[in-house]
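Trainee: I should like a close look at a single part of this structure, a residue taken together with its surroundings. Please then relate that part to the remainder of the assembly.

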Amino acid sequence: MKIVAVTACAGGIAHTYMAAESIKKSAKKAGDVAKVEIQGSMGLENRLKQEEIDAADLVLFVANISIRETERFKNKNIVEIDPGKFVADGDKWLQIAKQKAGF
Amino acid sequence: MHSEYLKISEVIRPETIDLELDGITNKSEAIDYLAGMLDKAGLLTNKEEYIESVYYRESLGSTYMEHFIAIPHGKSDAVREAGIAFGRSSEGFLYETADGGGITKLIFLLAIPNRISADAYMAVLAQLARLLVHDEFRESLMSAKDYQDVVSAIVNGEALLED
């Protein structure tokens with residue numbers, strides 16, 4: 001499955017990066033392809049391309065603050081999960097996210 | 001001139017590592033002890049002022065990262081040179097935060113001088129946070145026997161990170 005994700009958090013740094021790494025790690029393990037954009041204190045890192053978003057089966061918003069430029073994700077299947085959940089257990093929450101999206 | 005972006009391997013040094021934090025029973029003792037190592041290594045100009053910057057950051061949000069890990073950090077004029085103190089407690093101690101916290105066995109205390117750009121500071125923290133997601137990295141820190149093992153764990157860990 002093709003997954004795109006955006007991570008952002010109030011603290012701005014550690015949780016955002018840990019959540020992003022955790023999504024990538026768990027996706028790889030599950031045989032999925034994941035691209036993760038980090039909206040941290042350093043701006044937008046690994047910015048998702050529109051074609052990547054368009055091709056994605058699942059969009060994850062992993063944030064506890066508002067995500068910027070959400071208009072890029074119009075009409076997509078979006079699941080929101082708290083970053084702390086991905087920090088704690090990426091495999092479990094990736095599975096839950098897929099279920100929530102109807103996969 | 002130091003390069004703008006710091007690397008963990010450049011700021012971690014033998015005298016700021018303690019792999020047997022056995023007398024430590026709580027968060028404030030741990031922060032005080034690790035700050036003491038940074039101070040003894042000559043990285044701080046004022047330990048108390050630096051510790052205040054750590055608690056100020058604590059007040060903004062949790063630095064407990066699950067998996068028995070905490071990454072407290074402070075950016076302050078009281079830091080002469082950037083450093084990371086690393087402590088390991090085999091039994092663990094309670095690391096309380098506003099949203100709960102948990103038992104900590106691996107604790108990294110980052111000291112960043114105010115004169116360093118915010119981005120350089122975050123790059124180190126981001127790199128460490130990403131490494132800590134990987135079980136292999138955490139396990140190699142848990143089993144490290146000395147400073148050289150810790151450095152090897154970091155170098156090997158960097159290979160696990162993509163893009």
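Mentor: Leaving aside neighbours within four places in sequence, Thr7(A) is in contact with Thr16(A), Ala19(A), Ala20(A), Val36(A), Ile38(A), Gln39(A), Val62(A), Ala63(A) and Pro83(A). The model is a predicted one. Thr7(A) belongs to strand β1 of chain A, which covers residues 2-8. The residue counts as buried because 28 C-beta neighbours lie inside 10 Å, where 20 or more are required. Its position also brings separate parts of the sequence together: Glu37(A) is 30 residues away along the sequence, yet the two C-alpha atoms are 6.4 Å apart.

From this part of chain A, one may pass to the boundary between the chains. There, 18 residues of chain B are in contact with 15 residues of chain A. On the chain B side, helix α4 (residues 118-132) gives the most, with eight residues. By character, that side of chain B comprises ten nonpolar, three polar and five charged residues.

A related picture emerges from the nonpolar cores. The largest of them holds 80 residues, and those with the most contacts inside it are Ile23(A), Leu60(A), Met65(B), Ile71(B), Ala111(B), Leu125(B) and Ala129(B). Helix α4(B) supplies the largest share of this core, nine residues. Leu125(B) is in contact with residues of both chains: beyond its neighbours within four places in sequence, its partners are Ile13(A) and Ala14(A) together with Ile71(B), His73(B) and Leu110(B).

The loop between α4 and α5 (135-143) of chain B contains His134(B). This residue has 17 C-beta neighbours inside 10 Å and therefore counts as partly exposed. Apart from neighbours within four places in sequence, His134(B) is in contact with Lys25(A), Gly157(B) and Leu160(B). Lys75(B), by contrast, is 59 residues from His134(B) along the chain, and their C-alpha atoms are separated by 26 Å.

Helix α2 of chain B offers a check on geometry. At 1.5 Å a residue, its 14 residues (27-40) should span 20 Å, and the end C-alpha atoms are indeed 20 Å apart, so the two values agree. Buried positions in α2(B) are Lys27(B), Ala30(B), Ile31(B), Leu34(B), Ala35(B), Met37(B), Leu38(B) and Asp39(B). An α-helix has 3.6 residues a turn, so residues three or four places apart point the same way. The buried residues of α2(B) pack against β1 (12-18), α3 (47-60), β4 (83-95) and β5 (102-113) of chain B. Following the helix is Gly42(B), whose phi is positive, near 85 degrees.

Chain B as a whole completes the setting. Its secondary structure amounts to six helices and five strands, arranged from the N terminus as α-β-α-α-β-β-β-β-α-α-α. Its radius of gyration is 14 Å, close to the 15 Å given by the globule rule for 163 residues, so chain B is as compact as a globular protein of that length. Along the principal axes, its C-alpha atoms fill a box of roughly 35 × 35 × 30 Å. Of the 163 residues in chain B, 44% are buried. Among contacts in chain B with a separation of 6 or more, 70% join residues 24 or more positions apart.

Definitions and conventions
Residues are numbered from 1 along each chain as its sequence is written. Chains are lettered from A and ligands numbered from 1 in the order in which they are written. This is a predicted model: local features need pLDDT of at least 70, side-chain atom pairs count only at pLDDT 80 or more; totals for chains, interfaces and linings use all residues. Helices (H or I, at least four residues) and strands (E, at least two) are DSSP runs, numbered from the N terminus. The expected span of a helix is 1.5 Å times one less than its number of residues. A residue is buried if 20 or more other C-beta atoms lie within 10 Å of its own, exposed if 12 or fewer, and partly exposed in between; C-beta atoms are placed from the backbone. Two residues are in contact if their C-beta atoms, placed from the backbone, lie within 7 Å. Ala, Val, Leu, Ile, Met, Phe, Trp, Tyr, Cys and Pro count as nonpolar, Asp, Glu, Lys and Arg as charged, and the others, Gly among them, as polar. A nonpolar core is a set of buried Ala, Val, Leu, Ile, Met, Phe, Trp, Tyr and Cys residues joined through C-beta atoms within 7 Å. The radius of gyration is taken over C-alpha atoms; the globule rule is 2.2 Å times the number of residues to the power 0.38.
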